[in-house]
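Let's take a relaxed walk through a protein model. Have a look at the picture below, then read on.

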Amino acid sequence: MEWIDKGYVLSTRNHGENSLIVSLLTEENGKSSALVRGGNGSKRRGIYQPSNFLEVIWKARLPEHLGTYRCELIRSHAARFLDAPLPLLALSSAVIILDRALPEREPDSNVFAQFGLLIELLHGANWASSYIRWELDFLKNQGFGLDLSKCAVTGSVEKLTHVSPKTGRAVSEEIALPYAEKLFILPSFLVCSDARMENHDLINGFALTGYFLRRHVFG
């Protein structure tokens, strides 16, 4: 059995003295893990840094076997973020989410494409809002999308300020007021793309996506 594909490194773990078990997000074969002989040697170790983009050949005797990878580096994304610690932290977070949440060997072209786009957006000035939107898109892709387009009670699209933790739907300011302590604050940049993002918006955005990721994806 053999296939040829391209993929992003998600994680590695040691196997024996100098080999690795490498988990990749591949374009046509989904998340897939295999053995890389000599992958932990000094000459090859740098290839298998999380987020690096590789060309890969997988071989095994039977489809259900772990198999082995033979990989060549196409692009080293990890190195591009060495001078940008916060975007690098966001990239590391995305890699961990993908590695822990995705099932093995189930292709998903949307997840693959969105992760590639995220890597490029993390180089921009609005990297933080791009990352939070990526988490929202990932939730939607997994079947747990939030509806932030209108108020769940009135249907209004004006003054959307909160999100219900039960339904994942937006709530307008008037409706939310009596229950504000039980609701998540909806950051303005998720409602209006032109809105300026402050530090508290970032905190509220992570609180929102983090809750639903824990509840639906990791729960």
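Is lysine 159 buried or exposed? Lysine 159 is exposed, because its relative accessible area is 64%, and the cut-offs here are under 20% for buried, over 50% for exposed and partly exposed in between (1.4 Å probe, protein chains only).

Before going further, keep in mind that this is a predicted model: local features need pLDDT of at least 70, side-chain atom pairs count only at pLDDT 80 or more, and totals for chains, interfaces and linings use all residues. Residues are numbered from 1 along each chain as its sequence is written, and side-chain values use heavy atoms, with hydrogens and water left out.

**The whole chain**

- The chain has six helices and eight strands; helices (H or I, at least four residues) and strands (E, at least two) are DSSP runs, numbered from the N terminus.
- Going along the sequence, you meet them in the pattern β-β-β-β-β-α-α-α-α-β-β-α-β-α.
- The C-alpha atoms fit a box of roughly 60 × 40 × 25 Å along the principal axes.
- Of the 219 residues, 44% count as buried.
- The chain exposes about 12,300 Å², and carbon and sulfur atoms supply 51% of that area (Shrake-Rupley method, 1.4 Å probe; for residues, only the protein chains shown count as cover).
- Take the contacts (heavy atoms within 4.5 Å) between residues at least 6 apart in sequence: 52% of them join residues at least 24 apart.
- There are 24 positive and 24 negative side chains, and the centres of the two sets lie 5 Å apart.
- For that count, Lys and Arg are positive and Asp and Glu negative, with His and the chain ends not counted; each charge is placed at NZ of Lys, CZ of Arg, CG of Asp or CD of Glu.

**Strand 2 and its partners**

- Strand 2 (residues 19-26) is mostly covered, with eight of its eight residues buried.
- Ser19, Ile21, Ser23 and Leu25 point one way from strand 2, while Leu20, Val22, Leu24 and Thr26 point the other way, and all are buried.
- Strand 1 (residues 2-15) pairs with strand 2 in the antiparallel sense over eight bridges; two strands pair if DSSP finds at least two bridges between them.
- One of the matched pairs is threonine 12 with valine 22 in strand 2.
- The hairpin of strand 1 and strand 2 has three residues between the strands, and glycine 16 there takes a positive phi near 70 degrees.
- Strand 2 also pairs with strand 3 (residues 30-36), in the antiparallel sense over seven bridges.
- Leucine 20 has valine 36 in strand 3 as its bridge partner.
- Strand 2 and strand 3 form a hairpin too, with three residues between them.

**The sheet of strands 6, 7 and 8**

- Three strands form an open sheet in the order 7-6-8, with antiparallel pairing.
- Strand 7 (170-172) and strand 8 (184-185) are the edge strands, since each pairs on one side only.
- Strand 6 (residues 160-163) and strand 8 run antiparallel and are joined by two bridges.
- Valine 163 stands opposite phenylalanine 184 in strand 8.

**Leucine 160 up close**

- Leucine 160 sits in strand 6.
- Leucine 160 counts as buried because its relative accessibility is 9%.
- Leaving aside neighbours within four places in sequence, leucine 160 is in contact with several residues, including Leu148, Cys151, Val171, Leu186 and Val191.
- Glutamate 198 is 38 residues from leucine 160 along the chain, and their C-alpha atoms are separated by 17 Å.

**Two residues with positive phi**

- Lysine 159, which you met at the start, lies in the loop between helix 4 (127-141) and strand 6.
- Its phi is near 50 degrees, a positive value in a residue other than glycine.
- Arginine 105 also has a positive phi, near 55 degrees, and is not a glycine.
- You'll find arginine 105 in the loop between helix 2 (85-101) and helix 3 (109-121).
- Arginine 105 counts as partly exposed because its relative accessibility is 33%.

**Cysteines**

- How many disulfides does the structure hold? The structure holds zero disulfides, a disulfide being a pair of cysteine sulfur atoms within 2.5 Å.
- Cysteine 192 is in no disulfide, and the nearest cysteine sulfur, that of cysteine 151, is 18 Å away.
- Cysteine 192 is partly exposed, because its relative accessible area is 37%.
- Cysteine 71 counts as buried because its relative accessibility is 1%.
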